[in-house]
Amino acid sequence: QVQLVESGGGLVRAGGSLGLSCVVSGRTFSMYAMGWFRQAPGKEREFVAAIRSGHSTAYANSVKGRFTISRDNAKNTVYLQMNSLKPEDTAVYYCAATLGTVVAAEGRYAYWGQGTQVTVSS
């Protein structure tokens with residue numbers, strides 16, 4: 001069983017920054033594309049960002065220019081650096097792993113973390 005554990009969530013003021021981390025168990029981390037998704041109260045879970053094994057990235061339009069996804073294969077960790085945070089970014093953030101190529105589709109991800117709460121105050 002591949003396990004993903006997110007950390008770094010918390011409360012931050014609008015305009016501030018927050019960094020999330022996701023540590024992945026197993027020996028094949030470098031082969032996975034990694035994605036970040038989020039779900040706000042009363043809303044569907046949505047794609048945020050993804051990074052492929054070759055380090056190419058993809059972002060939702062709502063976070064482009066503000067969020068940065070990166071990975072450290074030596075540490076089996078994927079990161080999401082969130083800058084210029086807005087109240088609309090408030091959600092539970094999940095990391096996920098896939099061997100597929102369609103990184104924005106949550107149905108393609110086989111493994112998910114437990115989520116970490118990010119709250120942005122006005």
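Which residue in the turn of the hairpin formed by β4 and β5 has a positive phi? The tour below leads to that residue by way of the whole chain and its strands. The structure on display is a predicted model.

**Stop 1: the whole chain**

Begin with the entire chain selected, coloured by secondary structure. The chain holds 11 strands and zero helices. Read from the N terminus, the order of elements is therefore β-β-β-β-β-β-β-β-β-β-β. The radius of gyration is 13 Å, close to the 14 Å that the globule rule gives for 122 residues, so the chain is as compact as a globular protein of that length. Along the principal axes, the C-alpha atoms fill a box of roughly 40 × 25 × 25 Å.

Next, display the surface. The chain exposes about 6,200 Å², and carbon and sulfur atoms supply 49% of that area. Of the 122 residues, 42% count as buried. Among the contacts with a separation of 6 or more, 58% are between residues 24 or more positions apart.

**Stop 2: strand β4 and its two partners**

Select residues 33-39, which make up strand β4. Six of the seven residues of this strand are buried, so β4 is largely enclosed by the rest of the structure.

Add residues 91-98, which form strand β9. Strands β4 and β9 pair in the antiparallel sense, over seven bridges. Then add residues 46-51, strand β5. Here too the pairing with β4 is antiparallel, and it extends over five bridges.

Now follow the chain from β4 to β5. These two strands form a hairpin with six residues between them. Select Gly42 in the turn: this is the residue with the positive phi, of about 75 degrees.

**Stop 3: Arg38**

Return to β4 and select Arg38, which lies in this strand. Is Arg38 buried or exposed? Its relative accessible area is 5%, and a residue counts as buried under 20%, so Arg38 is buried.

Show the residues that stand across from Arg38 on either side. In β9, Arg38 stands opposite Tyr93. In β5, its bridge partner is Glu46. Side chains join these residues as well: a polar contact of 2.7 Å links Arg38 with Glu46, and one of 2.9 Å links Arg38 with Tyr93.

Widen the selection to the surroundings of Arg38. Beyond its neighbours within four places in sequence, Arg38 is in contact with a set of residues including Glu44, Val48, Val63, Phe67, Glu88 and Asp89.

**Stop 4: Arg66**

Keep Asp89 in view and select Arg66. This arginine is found in the loop between β6 (57-59) and β7 (67-72). At 10% relative accessibility, Arg66 counts as buried. Its side chain is joined to that of Asp89 by a polar contact of 2.7 Å.

Which residues does Arg66 contact, leaving aside its neighbours within four places in sequence? They are Gln81, Met82, Asn83, Ser84, Leu85, Lys86 and Asp89.

**Stop 5: the disulfide**

Select Cys22 and Cys95 and show their side chains as sticks. A disulfide is a covalent bond between the sulfur atoms of two cysteines. Cys22 and Cys95 form such a bond, with their sulfur atoms 1.9 Å apart. The count for this structure comes to one disulfide.

Where do the two cysteines lie? Cys22 is in strand β3 (residues 18-24) and Cys95 is in strand β9, so the pair ties together parts that are 73 residues apart in sequence. Turn the view to look along the S-S bond. The torsion about this bond is about 50 degrees, so the disulfide is right-handed. Cys22 is buried, with a relative accessible area of 0%, and Cys95 also counts as buried, at 0% relative accessibility.

**Stop 6: Ala50**

Finally, go back to strand β5 and select Ala50, which lies in that strand. At 2% relative accessibility, Ala50 counts as buried. Not counting residues up to four places away in sequence, Ala50 touches Met34, Gly35, Ser56, Thr57, Ala58, Ile69, Val103 and Tyr109.

To close, draw a distance line from Ala50 to Leu11. Their C-alpha atoms are 23 Å apart in space, and the two residues are 39 residues apart in sequence.

How values were computed
Residues numbered from 1 in each chain as written. Predicted model: local features only at pLDDT ≥ 70, side-chain atom pairs only at ≥ 80, totals over all residues. Heavy atoms only, no water. Buried < 20%, exposed > 50% of the residue type's maximum accessible area, 1.4 Å probe, protein only. Helix = DSSP H or I, 4+ residues; strand = E, 2+ residues; numbered from the N terminus. Pairing = 2+ DSSP bridges. Polar contact = N/O pair within 3.5 Å; in protein donor to acceptor, adjacent residues only side chain to side chain. Contact = heavy atoms within 4.5 Å. Rg over C-alpha atoms; globule rule 2.2 N^0.38 Å. Areas by Shrake-Rupley, 256 points an atom, 1.4 Å probe, with all protein chains shown as cover. Disulfide = S-S within 2.5 Å.
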